[in-house]
Amino acid sequence: MKLKEFSNFVAGESKRGSASEIIDVFAPAENQLYGKLHDSTTEDLDAAVKMAKEAQREWMSFSRDEKSNVLTRIAKVIEDHFDLFLETEVKDTGKLLSFAKNVDIPRSVTNFRFFSQHISSFDGKELRQKNAQGREEIFRVLSSPLGIVGVISPWNLPLYLLTWKIAPALAAGNAVIAKPSELTPASASLLGELLATYQQKINLPTGLISILHGYGKTIGEAIVEHPEIKAISFTGGTFSGRKVYEKAASGLKKCSLELGGKNPFVVFDDANLEEAVDLAVRSSFSNQGQICLCSSRFYLQENIYEKFKQSFIEKTKKIELGSLISSQHKEKVMSFLLQAKECKGVFLTGDLEEQKKHEGTNFLDPVILENLPQKSPLNQEEIFGPVVTLNSFKGEEEAIMLANDSSYGLAASIWTTNLGRMLRLSQQVEAGNIWFNGWMRRDLRAPFGGMKNSGVGREGSVDSIRFFTQEKSIFMGEI
Ligand code: NDP
């Protein structure tokens with residue numbers, strides 16, 4: 001089989017990275033090598049930065065409407081090639097076609113459309129105050145782009161998360177240099193090819209967007225360290241995020257970190273159990289549990305524990321999962337299953353014996369566990385796979401204590417119909433995103449991000465634009 005070759009997008013051209021090191025790209029569902037790419041070098045990065053500088057100047061000369069039109073046209077390019085992106089993303093990630101069709105590709109289109117309506121105007125604002133002499137002092141606050149910014153994204157929602165960063169970086173007036181995960185380069189490579197083809201038609205300044213493929217430790221770190229790159233927006237694991245933060249800090253760069261999660265799903269006895277179970281299945285196993293927002297620790301009020309459990313098991317047994325991202329990742333998930341066994345966890349679905357039928361593939365059956373101590377790794381560490389634990393609680397105070405007993409604080413799904421309790425838990429649960437009687441609801445205008453080890457900073461309309469800009473305060477004089 002001829003291997004596909006994935007390309008960078010630099011200076012308006014689709015071309016391979018210049019490192020001699022070749023990175024293999026696997027199709028996880030088939031567990032087969034199907035593509036390759038060349039790692040990128042600092043020379044590739046320097047070339048991207050050089051072009052980005054010129055392109056950003058040109059971009060600043062565009063009116064708001066012109067910029068908005070460019071973003072809308074990029075959205076249209078993705079939309080016009082929807083089926084190709086769909087096929088590409090499914091092959092590269094092993095995810096279910098239905099998931100990519102309903103989530104990954106539509107959201108990538110929406111990201112550009114959404115930020116096309118949030119182009120920074122940089123009009124600035126005026127402030128006035130009376131001084132001791134009774135004269136009015138006038139200040140101007142000016143906002144401007146940072147220049148060139150770096151964005152780094154993970155493999156679980158490849159195009160969705162990459163475009164979620166590229167679009168606001170452009171909307172704020174910057175040039176952007178993007179690094180996708182080397183595990184899933186295909187949709188970014190396709191985007192680069194299409195931008196190379198359509199750049200004149202869509203009026204995209206050459207070099208405004210660069211996409212560099214390669215390892216985090218090579219081109220990822222080089223992007224973070226490059227002195228001309230003024231900010232880093234990173235989505236990935238907490239371990240890598242910490243390293244990125246340290247490097248960005250030594251360059252005194254702005255850094256936004258969207259990191260891992262260990263999200264609780266809390267069900268009180270006054271909740272609508274049927275709806276809670278339906279959402280429990282989706283929130284646990286969508287994308288094989290490989291979404292930072294997936295629920296992984298269930299806390300069920302003790303008097304509804306058995307009823308919820310039986311229905312959850314029944315519904316889980318009917319679902320179909322796609323493939324995990326790689327054999328290495330499957331090994332990591334399997335190591336948690338072995339730990340569950342050592343900790344005397346009870347497998348309600350997907351025990352080790354049942355999983356044997358998937359040997360030699362990257363598939364797993366969904367796993368529901370119970371009887372695990374709160375301090376076990378299964379209740380504390382991010383697994384990022386189709387594995388959840390069931391635990392019980394007596395009352396509200398204990399539920400809050402358990403939900404907060406984690407080093408992470410990304411999201412929580414809480415099921416209750418008691419309004420007073422909703423108000424109390426909104427305040428007390430430590431998570432950047434809380435859904436009552438729901439999961440993964442998003443209004444793109446709302447700030448998105450995590451507390452504790454789940455991240456630093458917020459992304460969303462105003463928050464993303466603010467992150468990718470800087471302000472000047474100017475004293476204009478007194479009258
Ligand atoms: P990683 O942290 O391993 O990688 C994320 C990206 O960072 C990849 O492109 C990676 O490249 C790159 N990278 C890794 N190390 C460095 C470094 N030192 N300097 C610069 N770049 C680096 O995460 P995964 O790809 O494994 O993604 C899964 C993680 O992402 C999970 O923890 C998940 O929770 C989190 N996530 C968080 C989200 C959120 O919004 N909070 C959303 C989605 C996922 P390479 O592939 O070569 O390592």
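Begin the tour by selecting Ser 7, which sits in the loop between strand 1 (4-6) and strand 2 (8-10). The model on the screen is a predicted one. Is Ser 7 buried or exposed? Its relative accessible area is 14%, and Ser 7 is therefore buried, the cut-off being under 20%. Next, display the residues in contact with Ser 7: apart from neighbours within four places in sequence, these are Ser 14, Lys 15, Arg 16, Ser 189 and His 213.

**Helix 6**

One of those contacts of Ser 7, Ser 189, leads to the next selection. Ser 189 is among the buried residues of helix 6. Select residues 186-202 to show the whole of helix 6, and look for a kink of about 45° centred on Ala 196. The buried residues of this helix are Ala 186, Ser 187, Ala 188, Ser 189, Leu 190, Leu 191, Gly 192, Leu 194, Leu 195, Gln 199 and Ile 202.

Now pick Gln 200, which also belongs to helix 6. Gln 200 counts as exposed because its relative accessibility is 77%. From here, draw a distance to Lys 357: the two C-alpha atoms are 52 Å apart in space, and the residues are 157 apart in sequence. Then move to Asn 203, just after helix 6, where phi is positive at about 65°.

**Helix 7**

Select residues 216-225, which form helix 7, and colour its buried residues: Ile 219, Gly 220, Ala 222, Ile 223 and Val 224. Which elements do the buried residues of helix 7 pack against? They pack against two other helices, helix 1 (42-60) and helix 8 (238-250), and against strand 8 (148-152), strand 9 (175-179) and strand 11 (229-235).

**The two domains**

Zoom out and colour the protein by domain. Domain 1 covers 4-259 + 454-475, and domain 2 covers 263-443. Taken over C-alpha atoms, the centres of domain 1 and domain 2 are separated by 32 Å. To the contact between them, domain 1 gives 21 residues and domain 2 gives 24 residues.

Domain 1 and domain 2 bury about 1700 Å² between them, with 57% of this area on carbon and sulfur atoms. On the side of domain 1, select Leu 96, Trp 155 and Ser 454: these lose the most area to domain 2, together 31% of what that side buries. Helix 3 (82-93), helix 4 (97-116) and helix 5 (158-171) are the elements that give two or more residues to the side of domain 1 touching domain 2.

How many salt bridges are counted between domain 1 and domain 2? The count is zero. Polar contacts are found, however: 10 residue pairs across the interface of domain 1 and domain 2.

**Two loops with positive phi**

Select Gln 288, in the loop between helix 9 (273-285) and strand 14 (295-301). Gln 288 is not a glycine, yet its phi is positive, near 65°. With 2% relative accessibility, Gln 288 counts as buried.

The last stop is Asn 437, in the loop between strand 20 (433-436) and strand 21 (451-452). Asn 437, likewise not a glycine, has a positive phi of about 55°. Is Asn 437 buried, partly exposed or exposed? The relative accessible area is 30%, so Asn 437 is partly exposed.

Key. Residues are numbered from 1 along each chain as its sequence is written. This is a predicted model: local features need pLDDT of at least 70, side-chain atom pairs count only at pLDDT 80 or more; totals for chains, interfaces and linings use all residues. Side-chain values use heavy atoms; hydrogens and water are left out. The bend at a residue is the angle between axes fitted to the seven residues ending there and the seven starting there. Helices (H or I, at least four residues) and strands (E, at least two) are DSSP runs, numbered from the N terminus. Buried means under 20% relative accessible area, exposed over 50%, partly exposed in between (1.4 Å probe, protein chains only). Domain bounds come from an automatic or database domain assignment. Contact means heavy atoms within 4.5 Å. Buried area is the accessible area (1.4 Å probe) that two parts lose on being put together, summed over both. A salt bridge is a side-chain nitrogen of Lys or Arg within 4 Å of a carboxyl oxygen of Asp or Glu. A polar contact is a pair of N or O atoms within 3.5 Å; within protein, one must be able to donate a hydrogen and the other to accept it, and residues adjacent in sequence count only if both atoms are side-chain atoms.
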